[in-house]
Amino acid sequence: MTTSPSSPFPAAFPATDVDVVLPCLNEAAALPWVLGRIPAGWRALVVDNGSTDGSADIARAHGATVVHEARRGFGAACHAGLTAATADVVCFCDCDASLDPGLLVPFVREVLDGEADLVLGRRRPQGRGAWPAHARAGNLALARMLRRRTGLRLHDLGPLRAARREALLGLDLDDRRSGYPLQMVVRAADAGWRIAEHEVPYRPRTGKSKVTGTWLGTWQAVRDMSRVLHESPRVRAGGG
């Protein structure tokens, strides 16, 4: 695992075969900004998870491919996007304008250059309200449990990430709730993947969080992820 205080990569590189999965539940206000930041030549896969605010129509109007996932849950939406993806490299990003999908460019380069199998963004809050104290506390606790479980010295389990599609599908991810992002990291670690982490700015989200906006939501997410940490290690296999 590697870390860096700032990205050493150039701002852009030629378009390549990349899909960006954007799980979405009532993010109409954030979608135009998020989709406007998708790098040129990449495909945005907005996974509508039962929105009632016209998010799907807005996504289509801004050039995104819309995938519908009726089963509620962050993991259900993410996995629907992964299975709908066709690109060699698949990225994930929240759809609430807290993270800039343009920051994924160096992540993808690192995967394509064979320097890492999974690249994660370590969130650095920008401005008041960007990352509530209870959400940070839950994230820190999970990072510590992850270290005990896998030996990985990660600082964050954030949603901004990139890896090769076939390798991700090979992890057989089956959590469909809040544990999905952690299960991806745990199973990748069990498989011997090279996992990198780089700092990214984290803005105040647009709208209210469906998961970590309250202490109860955070507790439920931590409970889901704790369950993942008690999985038996998988058979070791290669990454991308």
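Okay, let's start inside the protein, with Ala97: this alanine is buried, and its relative accessible area is just 2%. What we're looking at is a predicted model, by the way, so keep that in mind as we go. Where does Ala97 sit? You'll find Ala97 in the loop between E5 and H4. Its backbone is worth a look too: phi of Ala97 is near 70°, which is a positive value in a residue other than glycine. Why mention that? Well, most residues other than glycine have a negative phi.

There's another residue like that, Asp172. Asp172 is not a glycine either, yet its phi is positive, at about 55°. This aspartate lies in the loop between helix H6, residues 165–169, and helix H7, residues 180–190. Is Asp172 buried or partly exposed? Partly exposed, with a relative accessible area of 47%. So, side by side on your screen: Ala97 is buried, whereas Asp172 is partly exposed.

Now back to the loop we began with. Strand E5 covers 89–92 and helix H4 covers 104–112, and the loop between them also holds Pro101. Pro101 is buried, and here the relative accessible area is 0%. What does Pro101 touch? Leaving out residues up to four places away in sequence, Pro101 touches Val34, Arg37, Ile38, Pro39 and Cys93. And have a look at Val20: in sequence Pro101 and Val20 are 81 residues apart, but from C-alpha to C-alpha the distance is 8.1 Å.

Let's zoom out for a moment. How many helices and strands does the protein chain have? Eight helices and eight strands. The chain has 240 residues, and 54% of them count as buried. If you take the contacts with a separation of 6 or more, 78% come from residues 24 or more positions apart. As for the outside, the chain exposes about 10500 Å², and 52% of that is supplied by carbon and sulfur atoms.

Next, cysteines. How many disulfides does a search of the whole structure find? Zero. Take Cys91, which is in no disulfide: the nearest cysteine sulfur belongs to Cys93, and that sulfur is 9.0 Å away. A disulfide needs the two sulfurs within 2.5 Å. Cys91 is buried as well, at a relative accessible area of 0%. Then Cys93, the one that Pro101 touches. Cys93 is in no disulfide either, and for Cys93 the nearest cysteine sulfur is that of Cys95, 7.8 Å away. With 1% relative accessibility, Cys93 counts as buried.

On to the rings. Searching the whole structure for aromatic pairs gives zero. But there are arginines sitting over rings. Which ring does Arg203 lie over? That would be Trp33: Arg203 lies over its face, 4.4 Å from the ring centre. Arg123 lies over the face of Tyr202, and there the distance to the ring centre is 5.1 Å.

Last topic, confidence. The average pLDDT over the chain is 86, and 82% of the residues score at least 70. Which residues stay under 50? Residues 1–12 do, and the model has 27 contacts for them beyond four places in sequence. Please be careful with that stretch, because predicted coordinates should not be read in detail where pLDDT is low.

That's my tour. Thanks, everyone!

Definitions and conventions
Residues are numbered from 1 along each chain as its sequence is written. This is a predicted model: local features need pLDDT of at least 70, side-chain atom pairs count only at pLDDT 80 or more; totals for chains, interfaces and linings use all residues. Side-chain values use heavy atoms; hydrogens and water are left out. Rings of Phe, Tyr and Trp (its six-membered ring) pair if their centres lie within 6.5 Å; planes under 30 degrees apart count as stacked, over 60 as edge-to-face and the rest as tilted. A charge sits over a ring if NZ of Lys or CZ of Arg is within 6 Å of the ring centre and within 35 degrees of the ring normal. Buried means under 20% relative accessible area, exposed over 50%, partly exposed in between (1.4 Å probe, protein chains only). Helices (H or I, at least four residues) and strands (E, at least two) are DSSP runs, numbered from the N terminus. Contact means heavy atoms within 4.5 Å. Accessible areas come from the Shrake-Rupley method with a 1.4 Å probe; for residues, only the protein chains shown count as cover. pLDDT is the predictor's confidence in each residue, from 0 to 100.
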